[in-house]
Amino acid sequence: EPGAPAPSALPLHFYEITAGLGIGGRLSSSGNKDNDKVLNDVSNENDVDDLSSLLEDIIPPSAPKYPPNQHQQQQQQQHQSTPSGIKEHGGGDTSSSAAAPPRRRRKKKASVSSKNAIPPELLNDPAIASACSSLPSSYTFEVHKTIHRVKLAKAKRVALQMPEGLLMYGCVISDILKRFTPATSVIILGDVTYGACCVDDLGAASLSCDFLVHYGHSCLVPLNKTCIETLYVFVEIRVDAVHAVECFKKTVPAPARVHVMGTVQFRGAVFDARAALEAEGYEASVPQAKPLSPGEVLGCTSPKDLAEGGGEGVAQAMLFFADGRFHLEAALIANPGLPAYRYDPYGRVLTAEGYGFDKMLGLRRAAIDRARGGRTVGVVLGILGRQGNPSILRKVVDALERSGRETFVVLLSEIFPDKLDMMPQADFWVQIACPRLSVDWGHFFSRPVLSPYEMYVMLGEAKMGSGTYEMDYYRDTEKWTNFGGDNAQRDYGCKESKEDCCGGGEGCST
């Protein structure tokens, strides 16, 4: 409208509404775009529909509107200059007495955000609250969310997968889901679960399950790559971050630069500790190794080069929240020389931690050197959940065969020295399962067992510096990482249908 205020004069709540809908953005597991990873793409078309209907309901009629754009101004001028009663382009009467056609409202569509919103009647159900009282209050099992998602999926056979430390709660959660969802059967998967790479949607599907709930780990295998509908529940654990900071203050006095990290269960404590440290005069940061959440560390992936950003004479340290060393060791390998302190939330103890980086690097270099002369290579694809990436397998086999070596592929859920010794024809092995298997246990095998990264170092296609060892297996820039190039598709490259397949004949590359 002529004379209307500029867009900058729009009421503040207009911008808050559009930002809150996250147009063209993504949904995270808890709605926090800073701390969570991507779970699902949000449909732009759905969001625009929701925005239109939402603004019509919320913005008052007296709210200022955008001024007309150039096209609208031309239409207004053309309408004003056209004599009444004259028809244009075969159209109807343009006189002011002609009634304007009724405006059609687009049908409102349910967006992903509104679809996943937990109904209030479910959140406030006293029967569910009573059933959840059997679970520890400090553990966030997201029971209401799980019930809602199972109902939405109309799942009849649900699989629960959790690490051994949470299995004791499996039967309680199973009883809750059978009571409050349409599921007629709930199966607890008993195989060992080391991390998110072990998510076993394939095993659940083989048991005719149509829904999988994976507990205790972040969503490293994307939801659009699992073969059945999957829900990741991080099981965040509430701990006393203030006590951790008080312990740290007595060990490393301010001023100092502190990098706060931990496992995904303690991500809330990580951010609470950062705020408490900053209030005490520390320079605190929560580093991130994408696609992980800020502060999250895996056994094979950690933020690196943290000590490089420190100023001259400024003390630096790592404060790590975990009840064990496995994840911490990944951070120590990625940041050799950075002093590290681990806070055990259960024992409420802060300990100084170290790692024999030089010894580990020497052992891995020796294994690579021993493998250089090998001509027959056994390649292990880990089948414990989704540990093994078929796309990396294809690239590893191609690279070895280009180097003139012969290969054979073995599928194993777990890799033990005695098992590999049963196949003496292999001069050395490349395992596509867990990189830490080579780092932690490789020297206990009778023949070298290399990770894909170490194999590429052996072939001269990757570098291993004198003071560095790669510990980032989920970045998107390397052919040996799970998200590098087309590795994120987790596809071996086979034909879509048997009719298109040659059956593996001579010259077959797929």
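Reader: What makes Met 318 count as in contact with residues outside its own stretch of sequence?

Author: In this predicted model, contact means heavy atoms within 4.5 Å. Leaving aside neighbours within four places in sequence, Met 318 is in contact with His 259, Met 261, Leu 328, Ala 331, Leu 332, Leu 338, Pro 339, Ala 340 and Tyr 341.

Reader: Why is the set around Met 318 called a nonpolar core?

Author: The term requires buried nonpolar residues joined through side-chain atoms within 4.5 Å, and buried means under 20% relative accessible area. The largest such core has 56 residues, and Met 318, Leu 400 and Tyr 469 have the most contacts inside it. Elements that each supply at least two of its residues include β11 (316-321), α14 (390-402) and α17 (452-458). Another core, of 53 residues, lies apart from it, with Leu 122, Ala 244, Ala 256 and Phe 266 among its members.

Reader: How do you know whether Leu 411 is buried or exposed?

Author: Exposed means over 50% relative accessible area. Leu 411 has 52% relative accessibility, so Leu 411 counts as exposed. Leu 411 lies in strand β15 (residues 406-412).

Reader: What makes Leu 411 part of a surface patch?

Author: A patch takes residues with over 30% relative accessible area and no salt bridge, and nonpolar side chains are joined within 5 Å. Leu 411 has 52%, and forms a nonpolar patch with Ile 383 and Val 409, with about 260 Å² of accessible area together.

Reader: How much of the chain is buried?

Author: Of its 510 residues, 47% count as buried. The chain has 17 helices and 17 strands.

Note on methods:
Residues are numbered from 1 along each chain as its sequence is written. This is a predicted model: local features need pLDDT of at least 70, side-chain atom pairs count only at pLDDT 80 or more; totals for chains, interfaces and linings use all residues. Side-chain values use heavy atoms; hydrogens and water are left out. Helices (H or I, at least four residues) and strands (E, at least two) are DSSP runs, numbered from the N terminus. Buried means under 20% relative accessible area, exposed over 50%, partly exposed in between (1.4 Å probe, protein chains only). Patches are made of residues with over 30% relative accessible area and no salt bridge: like charges are joined within 9 Å, nonpolar side chains (Val, Leu, Ile, Met, Phe, Trp, Tyr) within 5 Å. Accessible areas come from the Shrake-Rupley method with a 1.4 Å probe; for residues, only the protein chains shown count as cover. A salt bridge is a side-chain nitrogen of Lys or Arg within 4 Å of a carboxyl oxygen of Asp or Glu.
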